[in-house]
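Biologist: Hi! I'm new to this one, could you walk me through it?
Modeller: Happy to. Let me put it up first.

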Amino acid sequence: MKHSALQMKAKTTDYENPWTFDGEPFASEDVGKFAGFVYLITNQITGEKYIGRKYFSSIRKKKKSDKRRTRSESDWKEYYGSSEDLKKQIEVHGKNNFRREILSLHLTKGDVNYAEVREQFMRDVLEKDGYINDNINGKWFRKPQHIKAARRLSAASSWRAYEPDSHGS
């Protein structure tokens, strides 16, 4: 039996300004076996974006002397990123002016970490305007303009496709 869109029960979320996945609100029931996700947060006023990752749960010992570990749900529903610049923007503009999208879901924390770094490099978040990210994995940082301008690339460099103003040596 087919149901019209009006007859289908709409998915509800138990938190404000929900994350979306493929345009649909993402709820606790959608987590399943996923360990975490890679996300895109967009400031709907300025258009600036931030790419990050978040785990759905954490495993901790109840007491230092206890060998047993317990899994508890993280703050993923209320999470808006770790960037200080992003936090300041949220303070100024309010949480509801930020769109929170899940780009990918992953079964392991290692895959979450890899996918975040890959997404950040693929989007060139450290060198393109419009991204709030100031580092990737705490290892690679946004470069000052004078350093970028001083680069010289050979004709064989794959960067030439991305930096048409670069000069060969």
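Modeller: One term before we start: buried means under 20% relative accessible area, exposed means over 50%, and partly exposed is in between. Also keep in mind that this is a predicted model.

Biologist: Thanks! Let's try that on Trp 140, then: what is its relative accessible area?
Modeller: Trp 140 has a relative accessible area of 39%, so it counts as partly exposed.

Biologist: And which ring does Trp 140 pair with?
Modeller: With the ring of Phe 121. Their centres are 5.2 Å apart and the planes sit at 75°, so this is an edge-to-face pair. The two come from distant parts of the chain, with Phe 121 in helix 2 and Trp 140 in strand 9, 19 residues apart.

Biologist: How accessible is Phe 121?
Modeller: Phe 121 is at 41% relative accessibility, so it is partly exposed.

Biologist: How many aromatic pairs does the structure hold?
Modeller: There are 12 aromatic pairs. There is also an aromatic cluster, whose members include Tyr 15, Trp 19, Phe 26, Tyr 50 and Trp 76.

Biologist: What lies over the face of Tyr 80, and what over Tyr 55?
Modeller: Arg 100 lies over the face of Tyr 80, 4.2 Å from the ring centre. For Tyr 55 it is Lys 109, at 4.8 Å from the ring centre.

Biologist: New topic: pockets. How much space is in the second largest pocket?
Modeller: About 260 Å³. Its lining has 17 residues, and the closest to the centre are Tyr 50, Ser 82, Glu 116, Gln 120 and Asn 135.

Biologist: Tyr 50 was in that aromatic cluster too, right. Which elements each supply at least two residues of the pocket lining?
Modeller: Strand 4 (49-55), helix 1 (84-93), helix 2 (109-122) and strand 8 (135-136). The largest share is from strand 4, with 3 residues.

Biologist: How does the lining divide into nonpolar, polar and charged?
Modeller: The lining of that second largest pocket has 4 nonpolar, 8 polar and 5 charged residues.

Biologist: One last residue: Gln 89. Where does it lie, and is it buried or exposed?
Modeller: Gln 89 lies in helix 1. Its relative accessible area is 15%, so Gln 89 is buried.

Biologist: What is Gln 89 in contact with, leaving aside its neighbours within four places in sequence?
Modeller: Gln 89 is then in contact with Asn 43, Thr 46, Glu 48, Gly 94, Phe 98 and Ile 132.

Conventions:
Residues numbered from 1 in each chain as written. Predicted model: local features only at pLDDT ≥ 70, side-chain atom pairs only at ≥ 80, totals over all residues. Heavy atoms only, no water. 1 Å grid on protein atoms, 1.4 Å probe; cavity = no way out; pocket = protein on both sides within 12 Å on 5 of 7 lines; lining within 4 Å. Points joined across faces, edges and corners; volume = space filled by probe spheres on them. Helix = DSSP H or I, 4+ residues; strand = E, 2+ residues; numbered from the N terminus. Nonpolar A, V, L, I, M, F, W, Y, C, P; charged D, E, K, R; others polar. Buried < 20%, exposed > 50% of the residue type's maximum accessible area, 1.4 Å probe, protein only. Contact = heavy atoms within 4.5 Å. Phe/Tyr/Trp six-rings, centres within 6.5 Å; stacked < 30°, edge-to-face > 60°. Lys NZ or Arg CZ within 6 Å of the ring centre and 35° of its normal.
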